[in-house]
Amino acid sequence: AHLRPEFRVLHLGCGSSPLGVQLSQEGLAETVVNLDFSPVCIERMRARYGESASLKWVVGDFLNLAAVFEEGSLDVVLDKAAMDALVPREVYGDPPEPKVTQMIAEIRQ
């Protein structure tokens with residue numbers, strides 16, 4: 001699949017990755033929303049790269065996307081490493097599969 005300039009893209013669990021910024025700067029999407037659960041991370045990225053109509057920074061839980069986004073408000077969801085965060089048992093308990101299933105269900109909305 002290819003990105004198109006009219007797409008609204010969610011960069012899931014963006015952390016400190018500049019991927020969303022690069023997509024926005026290259027004009028590969030109408031809007032890139034970078035989402036992370038860490039307010040500190042989001043504030044640092046916002047301070048570093050700014051925010052505009054085409055580049056957004058949002059604090060949110062990717063296991064509850066409906067709390068942040070309306071159904072159908074995004075065209076593409078990018079996951080560079082968010083699902084990996086669900087796998088460590090010391091973080092989410094044993095087994096990780098229900099959290100991964102929940103994440104996929106949230107994305108499908």
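What follows is a conversation about how to read a predicted model of a single chain.

Colleague: I'm new to this one. How many helices and strands are there in the chain?

Modeller: This is a predicted model, so keep that in mind throughout. The chain has 5 helices and 4 strands. Going along the sequence, you meet them in the pattern β-α-β-α-β-β-α-α-α.

Colleague: And the strands, in what order do they sit in the sheet?

Modeller: Order in a sheet is a separate matter from order in the sequence. Here the open sheet runs β3-β2-β1-β4, and the pairing is parallel. β3 (55-59) and β4 (76-79) are the edge strands; each has a single partner, so one side of each has no neighbour in the sheet. On average, neighbouring strands are turned by 20° against each other, if you ignore direction.

Colleague: Can we look at one pair up close? How many bridges join β1 to β2?

Modeller: Strand β1 (residues 8-12) and strand β2 (residues 31-36) run parallel and are joined by 5 bridges. To find one of them on the screen, go to L12, whose bridge partner in β2 is L35.

Colleague: Which helix lies across β2 and β3?

Modeller: That's helix α2 (residues 39-49), and its direction is at about 160° to β3.

Colleague: Now the inside. What should I look for there?

Modeller: The general idea is that in soluble globular proteins, nonpolar side chains tend to be buried together. In this chain, 35% of the 109 residues are buried. The largest nonpolar core has 13 residues, and V9, V32, L55 and W57 touch the most other members. Elements giving two or more residues to this core are α1 (19-25), α2 and β3. The largest share, 3 residues, is from α2.

Colleague: Which residues does V32 touch, leaving out those up to four places away in sequence?

Modeller: V32 touches V9, G20, L23, S24, S54, L55 and K56. Apart from the core we just discussed, there is another one of 11 residues, including L10, L12, L35 and L63. You've already met two of those names, since L12 and L35 are bridge partners.

Colleague: What about contacts across the sequence, how far apart are the residues they join?

Modeller: Take the contacts between residues at least 6 apart in sequence: 54% of them join residues at least 24 apart. For a separate look at sequence and space, try A105 and L65. They are 40 residues apart along the chain, and their C-alpha atoms are separated by 9.6 Å.

Colleague: Where is A105 found, and is A105 buried or partly exposed?

Modeller: A105 is in helix α5 (residues 97-108). Its relative accessibility is 41%, so A105 counts as partly exposed. For the chain as a whole, about 6,500 Å² is exposed, with carbon and sulfur atoms supplying 52% of it.

Colleague: I see cysteines too. How many disulfides does the count come to?

Modeller: A disulfide is a covalent bond between the sulfur atoms of two cysteines. To call one here, the sulfurs must be within 2.5 Å. The count for this model comes to 0.

Colleague: Why is C14 without a bond to C41?

Modeller: Because the sulfur of C14 is 5.4 Å from its closest cysteine sulfur, in C41, and that is too far for a bond. C41, in turn, is in no disulfide.

Colleague: What is the relative accessible area of C14, and how does C41 count?

Modeller: C14 has a relative accessible area of 3%, so C14 is buried. C41 counts as buried as well, at 15% relative accessibility.

Notes: Residues numbered from 1 in each chain as written. Predicted model: local features only at pLDDT ≥ 70, side-chain atom pairs only at ≥ 80, totals over all residues. Heavy atoms only, no water. Buried < 20%, exposed > 50% of the residue type's maximum accessible area, 1.4 Å probe, protein only. Contact = heavy atoms within 4.5 Å. Areas by Shrake-Rupley, 256 points an atom, 1.4 Å probe, with all protein chains shown as cover. Pairing = 2+ DSSP bridges. Axes fitted to C-alpha atoms, helices over the stretch in contact; angles between N-to-C directions. Core = buried A, V, L, I, M, F, W, Y, C linked by side-chain atoms within 4.5 Å.
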